[in-house]
Structures are given as structure tokens and as C-alpha cells.
Amino acid sequence: MAAEADVRAALHEVIDPELGVNIVDLGLVYGIDVNPEGEVRVTMTMTSPACPMRDYLEGLVESSIIERVPDVRSVVVDIVDEPPWSPDRMSEAARRQLE
Amino acid sequence: MKLKLGRAPFLLAAMLSLAYGVWMGLLRVGWVLPLPWPDQLILHGPLMVGGFLGTLIGLERAVGIGRRWAYTAPLCTAAGSFALVLGPPGRGGAWLVTAGSIVVVAVFVSILIRHATAFTGVMLIAAVMWTIGNGLWLAGASIYRVVVWWIAFVVLTIAGERLELNRVLKPPAATLSLLFSAVGLVVAGACIAVPQPALGLRILGAGLGGISGWLCAYDIARKTVRLGGERRFIAVCLLSGYVWLGVGGIIALSIGAATPGVSYDAVVHAVFLGFAFAMILGHAPIVFPAVLGVPMPFTSSLYGPLVMLHASVAVRLIGDLIEPLARLRAWGGLLNAAALLLFVLNTARVMVFARVRNDSPGR
């Protein structure tokens, strides 16, 4: 059965194309739900509500999970605007990477 | 990656505006080419700003907020461009482009209502400046009186986008106030240019120089340029574009050339070509996949159009600013067109090959 840790590891491979930081350390991922049937739901946000990369990142998240996590039947990506992203959500690793 | 071909007609319309606008541009710098319709030379600026940049920016925002109504922005600017080129004489095309700019204003207002942020505010100001410029154009103002508003639109849109991304570095308030001061100078310059064009352009130039200096000093591209591949390419495009913004600002500030002539040509093309197109080249590997759903993997060939763009802008500005070398202006214009053509062809080649590779058996 797919595990949340595996999904999170797969999301670490989804990199913001300009910053070079993965979306987990960037603080874009708000939640990961995995049910016993192998259905994965990722709740995430964008750095801005008008970011044109919405569909693009959604596609990368889906394909990264499907390719890297075994026993996944489907992936749903919910992109939400609330609460809005702020730089305080970034991990220490992301901050060091951008220093 | 899912194909988003429904958005392709908008991009195609933007590219056609670009092609027609560049054709008019070549005629304007003196190349003897067929002029499809009489009196169309005046369309160079409207097609490049409203038809090409306006459609791209409107499309980018519509994709960003994901609302159907927002697509009326690129729809109106694209339809307006076709009306300008093919339609009967009149103001229909200008009305449509103006309608598109109003929709972009509405997009930013809708975002600002939900999330009041400084960067959205700057982009809203940019869209308002575009709309005011379009209103002046509709009212019959000459393009050279309108162009300061269009410069403000493009520069402030990009400044807002950079401000948004630079939040990851948490710039201190004192640093941000420098940028906001420069934005204020750009707005003030455009407003003052209505009664006093030369003074207004000088103030606008100071603002452009300020934004350029701020971006060169604080933008995250200074850090990402140390990374490899795509990240470095984007940063090189951005940083090199900021230099042209500064050059345009310095020329505008020192000469205040608000009427058509060589100095005016230098300011306009340093900003719209050297700066704005460097941003477009840099963001193509991000925006095209985001809009069309077609991958655009980084290859070192992407540097080719960038080098040619910068070299061609340099040649043009040398021709503009050094009287004995005035002939270089026309050659610079031709090289500008060649750089943009190379960019379009290379982008299409990279995306087609990536698509074919993705579709090939075994993948």
C-alpha cells in the first residue's frame, strides 16, 4: 500500500523551475491523504493566486507520484488559495539553498 | 503533461501580431519591403505592445486565475490586433485592445480583493497604466505620447512579478521602499508627460533606472545564476535584461527625448526589446509548458537567440546614439528581427522534439 512518506518523497522531486527548490521545502504542500485503495489527494497552494504555473505544477505532482510511488491508483491535486502562501512556510533547507 | 491546445490560438495570434509588428518595424528603420495596406506603419507599436505583449500577459493571467471570463482579455487583444491589421479603417481595433486591458485590470482587482499584497498592487497599477495609455490612443493621441504609459505597463508588470518571487528572500522594508519609490517615479513620469513630455520622460527614466538598479542589486537571479542549466539560463536572461532597462532609463533621464527620433528609438527599444524580450526568452521554458502543456526541456541552444538579441539591440543603439554610425540602426533593426525569428523557430523546435520524445513507444 502507498504510504504518505513515499508520496512526500515523490513531491520532493517536483522542483520550482526558477528557484530550483522542491515544492515541499518551499512550503507549497498543505496536506497529503492516502487511502487504503491507493487514492492519493495532495492539497497545495501556489506562491501567488495568479501564478500561471498552476496547471504545470499540478501535472508534475501527478506524474511524480505515479512514477515513484507503488500501488497508487489515482492522484487528485487540490490547489487552494487559502491560506495564502508566505515565505514563513519555507523550510530551513530551502532558506539555506537560497542563501 | 496534458496538452492545453485550446490556448494555442491565443499564442498563435500573439505570434502573428509579433510578426506583423516586426515587419512594420523593418519598414520604419528603412528597409524597402512591401507595405500590405497604406498607412499601416503606425501599427508597429500597437501590435508589439497590445497585440503581442498584451495578449501574452492577458493569457498568462487568465491561466493563473483559472477563470473563463479572464480569457476575454487575450481574446479582445488578439481580435483587436486582427482588426487593426485587416479591419476597415476606424477605431474598432483600438477599442478591442482597450477592452482587453480593462479585463486585465479586473483580473488584478479580483485578486487584490482576495489577497491584498504589494506585488499584486504593482501589477494592478501596471494594468491601469496600460488602460490609460490605450484610452489616450483611442482619444487620438500620437503613439509617441502614449508610449510612456505602455513602457510603464510592461516594466511595472515585470517589477511586480519579480517582487512576488523575491519574497522568498524576505527583503527588508527599507529595501522594498527603494523599489516602491522607483515605481512611483515611473507612474509620476507617465502622468507628467501628458502636459510636459520631455520632463515626464526624464522622470520616467529615473524610475526605470531605479527599478533596474534595484533588480540588479537584490533580485534572486543573482543567486540562481550560480545554479546550472535552466535556472542559470533564466537568471542570465533576467540580469542581462535589467542592464538594458538601466540603459533605457539613463538615456531617457539624460536626453528626455519624448518625440520620435534616434534617442526616442534608443529608449523604446532598450526597454521593449533589450529588457522585455530578455524576460520573455528567459521565461519561455516555464510559460510555454504552463500555457500549452507541452514540455520545453532546457538545451544550451536557448542561449543562441539571447546572444543575438543583445548583440542586435547594441548595434541598434550604437546606430541611434552615434551620428557617424547611423546606418547601423537599420542593420540593428534587421538583426532584431532575425533574433526574434530565431527565438520562435528554436522554441518550436525544442517543444516539437520534446513532444515527439514523450510520445515515442516505451515512454
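Student: What makes α11 (residues 262–292) of chain B a mostly covered helix?

Tutor: In this predicted model, 29 of the 31 residues of α11(B) are buried. Buried means under 20% relative accessible area, exposed over 50%, and partly exposed in between, with a 1.4 Å probe and protein chains only. Helices (H or I, at least four residues) and strands (E, at least two) are DSSP runs, numbered from the N terminus.

Tutor: On conventions, residues are numbered from 1 along each chain as its sequence is written, and chains are lettered from A and ligands numbered from 1 in the order in which they are written. Because the model is predicted, local features need pLDDT of at least 70 and side-chain atom pairs count only at pLDDT 80 or more, while totals for chains, interfaces and linings use all residues; side-chain values use heavy atoms, leaving out hydrogens and water.

Student: How do you know that α11(B) is not a straight helix?

Tutor: The expected span is 1.5 Å times one less than the number of residues. A straight helix of 31 residues would span 45 Å, but the end C-alpha atoms of α11(B) are only 39 Å apart. A bend of about 65 degrees is found at Ala284(B), and Pro285(B) follows within four residues. The bend at a residue is the angle between axes fitted to the seven residues ending there and the seven starting there. Just after α11(B), Gly293(B) has a positive phi of about 75 degrees.

Student: How does the span of α2(B) compare with the value expected for its 22 residues?

Tutor: For α2(B), 32 Å is expected and the end C-alpha atoms are 30 Å apart, so the two agree. There is nevertheless a kink of about 35 degrees, centred on Gly54(B).

Student: Why is α2(B) called largely enclosed?

Tutor: Its 22 residues include 22 that are buried, so the rest of the structure largely encloses α2(B). One of the residues of this helix is Glu60(B).

Student: Is Glu60(B) buried or exposed, and which residues is Glu60(B) in contact with?

Tutor: The relative accessible area of Glu60(B) is 13%, so this residue is buried. Apart from neighbours within four places in sequence, Glu60(B) is in contact (heavy atoms within 4.5 Å) with Ala50(A), Pro52(A), Glu161(B) and Val287(B).

Student: What makes the backbone of Asp71(A) noteworthy, and why is this residue called exposed?

Tutor: Most residues other than glycine have a negative phi, and most peptide bonds are trans. Phi of Asp71(A) is near 65 degrees, a positive value. Asp71(A) sits in the loop between α2 (54–68) and β3 of chain A. Its relative accessible area is 53%, so Asp71(A) is exposed.

Student: Why is Lys170(B) given its accessibility class?

Tutor: Lys170(B) has 41% relative accessibility, so it counts as partly exposed. Lys170(B) also has a positive phi, about 50 degrees, and lies in the loop between α6 (143–165) and α7 (173–192) of chain B.

Student: How do you know that the peptide bond from Glu82(A) to Pro83(A) is cis?

Tutor: Its omega is near -10 degrees. Pro83(A) belongs to the loop between β3 (74–79) and α3 (92–97) of chain A.

Student: How does the radius of gyration of chain A compare with that of a compact globule?

Tutor: The radius of gyration is taken over C-alpha atoms, and the globule rule is 2.2 Å times the number of residues to the power 0.38. For 99 residues the rule gives a value near 13 Å; chain A has 13 Å, so the two agree.
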